[in-house]
Amino acid sequence: MAAPGENLRIDGERLWESLMEMAKIGPGVAGGNNRQTLTDEDAEGRALFQKWCEDAGCTMGLDQMGNMFARREGTDPDALPVYVGSHLDTQPTGGKYDGILGVLGGLELIRSLNDLDIKTKHPIVVTNWTNEEGTRFAPAMLSSGVFAGMHTQDWAYDRVDAEGKRFGDELVRIGWKGEEEVGARKMHAFFELHIEQGPILEAEGVDIGVVTHGQGLSWTQVTITGKDAHTGSTPMPMRKNAGLGMARVLEKVEEIAWSHKPHAVGAAGHIDVYPNSRNVIPGKAVFTVDFRSPDLAVIEDMEKRLREDATKICEDMGLEVEFEKVGGFDPVEFDPECVGAIRSAAERLGYSHMNIVSGAGHDACWINRVAPSAMVMCPCVDGLSHNEAEEISKDWARAGAEVLFHAVVETAQIVE
């Protein structure tokens, strides 16, 4: 298929203005956004996105999970569409770009095709996936997971937030439950533009991350049980300190992750210590170990060593330990042809680029199971994300969107 000429560019100013306009909806308290899924603010952001898509000549589809699909027709009615997109929902203290850049970059792609009067053989569909963040209704990537057959729709509808409100009820309440069957759409390919959410691209001075893999994830909840006792009057040899046991296990977590450098990572972000009183030796510690790697064998090794090492540590200290696998998904290898389209687009446009592994989960990780998929990433300042101080530059946004534009248009095939 013919590649688009390097002179084909997007309107970077218009993309930036769209990002800033969307950021006015659900403003955060410190310059970012709080536009959590299925809130009134989410509904308002969706309405603005729909208006912009219809103004660009697209028709809007909506499925029963609230996933939005803005379609620009192709010249071949039988050709499967090329999909592009990400998510508009944010963390409670989220930034203006995480997910949003991928959706509005897709919209800018459509607008630029219109400006240039370019027709493609395959239709192009810009997608907003519902509840990618998973912050209000766990898990993350919920609706793309239903689309890809990873979750049932009924199970997803029954997810509840901190106030006990059901996902299915809130979807109806905000008016964004469609009639279309989830997962019925067939895709020629799917592309997702996203900020890196890590520091590598900026540190290396590279414009574009060509995402070859998505890290797999393993969450193991560890419960260590000792004995509550007075911190002042219990002799050191007679203590059963669950907090100390946890500390020693976490040292092992660090050691295990380092042994699989550079791509493996590990830490415990969720930690509860009981009774959590200043003068009581902890009798119980509950924490979740998060291991990630793009290699499934590495994840399995890290899980195995965690159980073996933690068991020995606790036995030596007279503590009891239990393990429960509470979450995870296998690593993703993105489609080589789609990855190649992104890499060749970066080269054609003269942007520096490097292969990168996505450290976070994204909708493309699930969609890759049902359609050829790939991701393009741009840098973000200090690698900061899921934070209102999240920041990118206009140049980074434009570069990422232009690479997306070329990869999608090449895949959708220009009609001369």
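1. Is D98 buried or exposed? In this predicted model, D98 has a relative accessibility of 5% and therefore counts as buried, since the cut-off for that class is under 20%. The residue is found in the loop between strand β3 (82–86) and helix α3 (100–115). Setting aside residues up to four places away in sequence, D98 touches H87, D89, E133, H194, I195, Q197, S385, H386 and E390. Several of these partners return in the points below.

2. The first group to consider comes from a record. An unreviewed UniProt entry carries the annotation "binding site" for H87, D98 and H194. These residues span 108 residues in sequence, yet no two of their C-alpha atoms are more than 9.7 Å apart, so they gather at one spot. The lining of the largest pocket includes H87, D98 and H194.

3. H194 belongs to strand β6, which covers residues 189–195. With a relative accessibility of 1%, H194 counts as buried. Its contacts, not counting residues up to four places away in sequence, are S86, H87, D98, G99, H362, M375, V376, M377 and C378. Both other members of the group in point 2, H87 and D98, thus appear among the residues that H194 touches.

4. D98 also appears in a second group. The unreviewed UniProt entry gives the annotation "binding site" for D98, E133 and H386. Although these residues are spread over 289 residues of sequence, they cluster in space, with a largest C-alpha distance of 9.6 Å. D98, E133 and H386 are likewise included in the lining of the largest pocket.

5. How do E133 and H386 sit in the model? E133 lies in the loop between strand β5 (124–128) and helix α4 (142–147), and its relative accessible area of 8% makes it buried. Leaving aside neighbours within four places in sequence, E133 is in contact with H87, D89, T90, Q91, D98, A140 and H386. H386 is placed in the loop between strand β16 (373–378) and helix α12 (394–412). H386 is partly exposed, at a relative accessible area of 39%. With the neighbours within four places in sequence again left aside, H386 is in contact with Q91, T93, D98, E133 and Q197.

6. Next comes the division into domains. The domain assignment gives domain 1 in two stretches, 12–214 and 331–415, and domain 2 as 216–329. The C-alpha centres of domain 1 and domain 2 are 36 Å apart. For residues 215–314, the unreviewed UniProt entry lists "domain: Peptidase M20 dimerisation". Over residues 215–314 the chain is 36% helix and 34% strand, and the end C-alpha atoms are separated by 30 Å.

7. How many residues of domain 1 are in contact with domain 2? Eight residues of domain 1 are in contact with nine residues of domain 2. The size of an interface is often given as the accessible area lost when the parts come together. Between domain 1 and domain 2, the buried area is about 620 Å², and carbon and sulfur atoms give 74% of it. Zero salt bridges are found across this interface.

8. Side chains of opposite charge can pair when their charged atoms come close. A search of the whole structure finds 25 salt bridges. One of them joins the side chains of E73 and R71, at 2.9 Å from N to O. E73 is partly exposed, with a relative accessible area of 48%, and R71 is also partly exposed, at 23%. A network of salt bridges links D40, R136, D161, E170 and R173.

9. Helix α9 (residues 296–317) offers a useful example. R305 forms a salt bridge with D301, and their closest N and O atoms are 3.3 Å apart. Because R305 and D301 are four residues apart in helix α9, they are separated by about one helical turn. R305 is partly exposed, with a relative accessible area of 22%, as is D301, at 27%.

10. A further salt bridge pairs E303 with K325, the closest N and O atoms being 2.9 Å apart. E303 lies in helix α9 and K325 in strand β13 (residues 320–329), so the pair ties together parts that are 22 residues apart in sequence. The partners belong to separate accessibility classes: E303 counts as buried at 17% relative accessibility, whereas K325 is partly exposed, at 45%.

Technical notes
Residues numbered from 1 in each chain as written. Predicted model: local features only at pLDDT ≥ 70, side-chain atom pairs only at ≥ 80, totals over all residues. Heavy atoms only, no water. UniProt positions renumbered as here; feature names shortened; annotations may be inferred. 1 Å grid on protein atoms, 1.4 Å probe; cavity = no way out; pocket = protein on both sides within 12 Å on 5 of 7 lines; lining within 4 Å. Helix = DSSP H or I, 4+ residues; strand = E, 2+ residues; numbered from the N terminus. Buried < 20%, exposed > 50% of the residue type's maximum accessible area, 1.4 Å probe, protein only. Contact = heavy atoms within 4.5 Å. Domains from an automatic or database assignment. Buried area = accessible area lost by both parts, 1.4 Å probe. Salt bridge = Lys/Arg side-chain N within 4 Å of Asp/Glu carboxyl O.
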